[in-house]
Amino acid sequence: MSAEADDRTARERGLVEEWHRAVNERDGDAARRVAAPDIEVGGPQGGARGVGVLLDWIDRAGIRLDARAWHHVSPGVLVVEQDARWPDRADAGPAAPAVRTATLFTLADDRITAALRHDDGLHAALEAARSRAPS
């Protein structure tokens with residue numbers, strides 16, 4: 001891999017790490033800095049577009065996502081396997097076991113343009129990522 005590709009991969013990972021921090025800390029300002037204004041946000045309950053949608057989801061979801069494995073599919077497309085917890089939910093709580101999930105991220109112009117959670121596993125997220133990768 002070239003130095004330029006290494007730099008791009010590092011920048012993309014840094015943006016996604018910042019996204020995780022913003023979600024876990026419910027930090028709307030940090031989320032706004034890394035998200036594209038028309039970010040696509042999706043998961044098991046559907047999807048929508050816009051940074052406002054992301055900020056609303058961060059406020060109400062109460063999710064904590066711990067990254068476990070990174071899969072770079074192509075420039076601007078990566079999938080992160082995560083352990084998801086909902087410590088504030090009455091039906092989950094802090095002692096509930098983590099749920100393994102995978103989120104497909106797309107990035108452009110140093111912003112996250114999509115964050116699409118796949119609770120049906122890594123394979124599904126990677127297949128979705130391949131369909132978004134440039135040919």
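These exercises walk through the sheet, the helices and the largest pocket of a predicted model.

**Exercise 1.** Work out which strands sit at the edges of the sheet.

Solution.
- Start with the strand order. The open sheet has six strands, arranged β2-β1-β6-β5-β4-β3.
- Recall how strands join. Strands of a sheet pair through backbone hydrogen bonds, either parallel or antiparallel.
- Check the pairing here. It is mixed.
- Now find the strands that pair on one side only. These are β2 and β3, the latter spanning 64-74.
- Add the twist. It averages 20° from one strand to the next.

**Exercise 2.** Describe how β4 and β5 are joined.

Solution.
- Locate the strands. β4 covers residues 77-85, and β5 covers residues 99-108.
- Give direction and bridges. The two run antiparallel, with eight bridges between them.
- Pick one position. Opposite Glu81 stands Ala102 in β5.

**Exercise 3.** State which strands α3 and α4 lie across.

Solution.
- Take α3. It lies across β1, β2, β3 and β6, at about 55° to β1.
- Take α4, residues 122-132. This helix lies across β1, β3, β4, β5 and β6, running at about 155° to β4.

**Exercise 4.** Characterise the largest pocket and its lining.

Solution.
- Note the volume: about 390 Å³.
- Go to the centre. Of the 18 lining residues, Gly43, Gln45, Trp57, Arg60 and Arg117 are the closest to it.
- Assign elements. β1 (35-43), β2 (46-49), α3 (51-61) and β6 (111-118) each give two or more residues.
- Find the largest share. It comes from α3, with four residues.
- Sort by character. The lining holds nine nonpolar, six polar and three charged residues.

Conventions. Residues numbered from 1 in each chain as written. Predicted model: local features only at pLDDT ≥ 70, side-chain atom pairs only at ≥ 80, totals over all residues. Heavy atoms only, no water. 1 Å grid on protein atoms, 1.4 Å probe; cavity = no way out; pocket = protein on both sides within 12 Å on 5 of 7 lines; lining within 4 Å. Points joined across faces, edges and corners; volume = space filled by probe spheres on them. Nonpolar A, V, L, I, M, F, W, Y, C, P; charged D, E, K, R; others polar. Pairing = 2+ DSSP bridges. Axes fitted to C-alpha atoms, helices over the stretch in contact; angles between N-to-C directions. Contact = heavy atoms within 4.5 Å.
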